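Please open the structure in your viewer and keep the sequence beside it, since this tour moves from the whole chain to single residues.

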Amino acid sequence: MKTNYLTDGIVKKNYFCYLLGHRFVETKKVNAHFSEFECTTCKMQATNDSRNKKIALTSELKDINETLFYINLKKQFISKFYFRKKE
């Protein structure tokens, strides 16, 4: 039995993204340089790399982003409460 190209694989699920590109929306701001994004059409998750290009979000990159987020949170907390400038 012959299958139709349009009903197979990635084109069936998100043909709009396949033809016109993803529509990313920022879901999480990791720090000043990194963010996590999600496509509104196909729900694909992505993050930006060191050159600010969007790449697919793998479990390894998700762990790295989570670690960066907590380091940034800790840095903000310490600078806010422990190293206040006296006026």
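Begin with the surface display of the whole protein, whose accessible surface comes to about 7600 Å², with 57% of that area belonging to carbon and sulfur atoms. Keep in mind as you look that this is a predicted model. Of the 87 residues of the protein, 17% count as buried.

Next, switch to a cartoon view, in which you can look for two helices and four strands. If you follow the chain along the sequence, these elements come in the pattern α-β-β-β-β-α.

Now select residues 35-39, which form strand S2, together with residues 45-48, which form strand S3; the two strands run antiparallel and are joined by three bridges. Within this pair, place Glu36 at the centre of your view, and you will find Thr47 of S3 standing opposite. Five residues lie between the strands of this hairpin, and among the residues of the hairpin Lys43 takes a positive phi near 65 degrees.

Keep S3 selected and add residues 54-56, which form strand S4, because here too a pairing can be traced: S3 and S4 run antiparallel, and three bridges join them. Which residue in S4 stands opposite Asn48? It is Lys54 that takes this place. The hairpin of S3 and S4 has five residues between its strands, and in this hairpin Asn52 takes a positive phi near 65 degrees.

While the strands are on screen, show their side chains, remembering that in a regular strand the side chains alternate between the two faces of the sheet.

Finally, return to the whole protein and consider its contacts: among those between residues at least 6 apart in sequence, 20% join residues at least 24 apart.

Definitions and conventions: Residues numbered from 1 in each chain as written. Predicted model: local features only at pLDDT ≥ 70, side-chain atom pairs only at ≥ 80, totals over all residues. Heavy atoms only, no water. Buried < 20%, exposed > 50% of the residue type's maximum accessible area, 1.4 Å probe, protein only. Contact = heavy atoms within 4.5 Å. Areas by Shrake-Rupley, 256 points an atom, 1.4 Å probe, with all protein chains shown as cover.
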